[in-house]
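Trainee: Could you take me through one part of this model in detail, starting from a single residue and working outward to what surrounds it? I would like a careful, connected account.

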Amino acid sequence: MTISYTESIRGYPYMEKQQLSEEFKMSAQTIKGRVQEIESEIEKGRYDDFAIIRDGKLLRINVLVFIDYMTYRRRLLDKNARKYVPEFHPEKIVRSIGWNNRIVYEDV
């Protein structure tokens, strides 16, 4: 008899600036600048309102948004090149970094 189940492999999708700084080996000042740039991209419509959570002193950045932004940052900042940047597809990033579901089959 074979049984199957779904295994979810994922991480918490939000980090504080300090966590991003440590994870990506970037200075706190650089992270602050990138957050401001991402907020500009929210206004332009690339990312939705869930990209960054702000509430008083609370600030959390969606890691998938951050990875996408860092991947395409140079092109997004260039008005001519930005039209060639693919749309934001978090599901592709999820697969690339290993946050996904998979079906596991076991013989019993």
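Mentor: In this predicted model, S21 sits in helix α1, which spans residues 17-24. With a relative accessible area of 12%, S21 falls under the 20% limit and therefore counts as buried. A polar atom of the S21 side chain lies 2.4 Å from the backbone oxygen of M26, and M26 is also among the residues that S21 touches once those up to four places away in sequence are set aside, the others being S27, A28 and I31.

Just past the end of the helix comes K25, which belongs to the loop between α1 and α2. K25 is not a glycine, and yet its phi is positive, at about 55°. In contrast to the buried S21, K25 is exposed, its relative accessible area being 73%.

Two of the residues touched by S21, namely M26 and I31, are also in contact with F66, whose partners beyond four places in sequence further include L20, F24, R34, I38 and I61. F66 leads into the largest nonpolar core, a set of 23 residues in which I38, Y47, I52 and F66 touch the most other members. At least two residues of this core come from each of α2 (28-44), β4 (58-62), α3 (63-77) and α4 (90-97), and α3 gives the largest share, with seven residues.

The strand β4, already met as a contributor to the core, is joined by four bridges to β3 (residues 52-55), and the two strands run antiparallel. Within this pairing, R54 stands opposite L59 of β4. Two residues separate the strands of the hairpin, and G56, in the turn, has a positive phi of about 60°.

The charged residues add another layer to this picture. Side chains of opposite charge can pair when their charged atoms come close. The structure holds six salt bridges, and one of them joins the side chains of E37 and R73, with a distance of 2.8 Å from N to O. E37 is in helix α2 and R73 in helix α3, so that this pair links distant parts of the chain, 36 residues apart. R73 counts as buried because its relative accessibility, 14%, is under 20%.

A second salt bridge stays within one helix: the side chains of K44 and E41 meet at 4.0 Å, N to O, and both residues lie in α2, three residues apart, or about one turn of the helix. The two partners differ in their surroundings, since K44 is exposed at 54% relative accessibility, whereas E41 is buried at 2%. E41 and K44 also belong, together with R82, to a network of salt bridges.

A further salt bridge is the one between R46 and D68, whose closest N and O atoms are 2.9 Å apart. Because R46 lies in the loop between α2 and β3 while D68 is in helix α3, this pair ties together parts that are 22 residues apart in sequence. Both partners count as buried, R46 at 17% relative accessibility and D68 with a relative accessible area of 4%.

Returning to the starting point, then, the buried S21 touches M26 and I31, both of which are in contact with F66, and F66 is one of the four residues that touch the most other members of the largest nonpolar core.

Key: Residues numbered from 1 in each chain as written. Predicted model: local features only at pLDDT ≥ 70, side-chain atom pairs only at ≥ 80, totals over all residues. Heavy atoms only, no water. Buried < 20%, exposed > 50% of the residue type's maximum accessible area, 1.4 Å probe, protein only. Polar contact = N/O pair within 3.5 Å; in protein donor to acceptor, adjacent residues only side chain to side chain. Contact = heavy atoms within 4.5 Å. Core = buried A, V, L, I, M, F, W, Y, C linked by side-chain atoms within 4.5 Å. Pairing = 2+ DSSP bridges.
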